[in-house]
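Q: Please take a close look at one part of the structure shown below and describe how it is put together. A formal, step-by-step account would suit a first-year student.

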Amino acid sequence: MKLENVSKIYKVAEGETKALDNVSVAFSSKGLVVIAGENGSGKSTLLNIIGKMDNKSDGVVTLAHFNYDNLTKKDEDEIRFNYISYIFQASNLVNYLTVYENLEIICQNNSEKIKTALKTVDMEDYELRFPNELSQGQQQRVCLARAMLSPTPILLADEPTSSLDPAGAKEVARLLKEVSKDKLVLVVTHDLKLFADYDRCIVLERGKIIEDNIINKCETLTEVDNITRKATLPIKPIINASKRKIRKNIGSFIVNVFMVLIFILGITVVANIPFKFNYKIYTNAIEKQGYNYINVSGDINSISN
């Protein structure tokens, strides 16, 4: 993975602002790389450009045989599927799937591998729980297990510990270091002390790299063989999630249908009240005048003079 003279310019009300300013950097094939800096220094922008969640304004970005200037939609999908995984501040787990099923999306038909990953992050006793039954720290550990199971060589983590308590943040930092033994892990953080055991630290200021401290260096990612992985649809987790969502919402669906029927019935009754009320007034008035009246129904055009 390599960036050469990469810039990112955002248009704002006051004009333009440079989030990245001629950034050039090459990454190794594995290791823990911490990207630090103050708010607005360009940390997340750099991560988003690498992960194709944002586009650069200028410069060159290459990953394996890909040049980001010449990517088709298929190429972008391949990068996200075969090369890059993400961990965000929010866990982004599927709420209607258990912990095990969330991992099964990534690693199908390999229960032993899933259980090993859960054991590594100390979540082996939670595989049947749903995300809303876990703490934020536990959810992030499940995300780390998911990252371990993914065959992608790059893991991007944007402030993965910002919403965690100190103990949970420390555990997530330890696990990211563990993952970095086999992958390139790029972590955006404000807490350098938490990730003190890094292999490389890049510090940004106003969109420029002002410090690049390399502790351990490996071969560059461009030297790694190209990766090809066939996408398969996780049928079983999808079916399970659909069933649970239907069961959960069936009650509200029935209530909504009942309310609609009541509304339609009410409109029908209200619409008929004025006609019946006025009809009674007219007939009473005619009878008081001593006249007889004939109630005619049907096609008025059929009545002859």
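A: A surface patch, in the sense used here, is made of residues that have over 30% relative accessible area and no salt bridge, and nonpolar side chains are joined into one patch when they lie within 5 Å. The model under discussion is a predicted one. In this model, Val255, Phe258, Met259 and Ile262 make a nonpolar surface patch of about 400 Å². One of these residues, Phe258, has its place in helix α7, which covers residues 235–288.

The part examined most closely below is the sheet, together with the helix that lies across it. Four strands form this open sheet, in the order β2-β1-β4-β5, and their pairing is antiparallel. Strands β2 (15–26) and β5 (66–67) stand at the edges; each has a single partner strand, and therefore one side of each is left without a neighbour in the sheet.

The pairings of β1 may be taken in turn. With β2, strand β1 runs antiparallel, and 8 bridges join the two. Within this pair, Val6 stands opposite Val23 in β2. The link from β1 to β2 is a hairpin of 2 residues. With β4 (residues 58–63), strand β1 (residues 2–12) also pairs in the antiparallel sense, here over 4 bridges. Opposite Val60 in β4 stands Glu4.

Next comes the helix. Helix α1, which comprises residues 43–50, lies across β1, β2 and β4 and runs at about 115° to β1. Is this helix enclosed by the rest of the structure or left open? Of the 8 residues of α1, 6 are buried, so the helix is largely enclosed by the rest of the structure. A residue is called buried when its relative accessible area is under 20%. The buried residues in α1 are Lys43, Thr45, Leu46, Leu47, Ile49 and Ile50. Just after α1, Lys52 takes a positive phi of about 60°.

A residue in a loop completes the account. Ala90 lies in the loop between β6 (84–87) and α3 (99–104). Its relative accessible area is 46%, and Ala90 is therefore partly exposed, since that term covers values between the 20% limit for buried residues and the 50% limit for exposed ones. Ala90 and Cys143 are 53 residues apart in sequence, while their C-alpha atoms are 9.7 Å apart in space.

How values were computed. Residues are numbered from 1 along each chain as its sequence is written. This is a predicted model: local features need pLDDT of at least 70, side-chain atom pairs count only at pLDDT 80 or more; totals for chains, interfaces and linings use all residues. Side-chain values use heavy atoms; hydrogens and water are left out. Two strands pair if DSSP finds at least two bridges between them. Contact means heavy atoms within 4.5 Å. Axes are lines fitted to C-alpha atoms, for helices over the stretch in contact, and angles run from 0 to 180 degrees between N-to-C directions. Buried means under 20% relative accessible area, exposed over 50%, partly exposed in between (1.4 Å probe, protein chains only). Patches are made of residues with over 30% relative accessible area and no salt bridge: like charges are joined within 9 Å, nonpolar side chains (Val, Leu, Ile, Met, Phe, Trp, Tyr) within 5 Å. Accessible areas come from the Shrake-Rupley method with a 1.4 Å probe; for residues, only the protein chains shown count as cover. A salt bridge is a side-chain nitrogen of Lys or Arg within 4 Å of a carboxyl oxygen of Asp or Glu.
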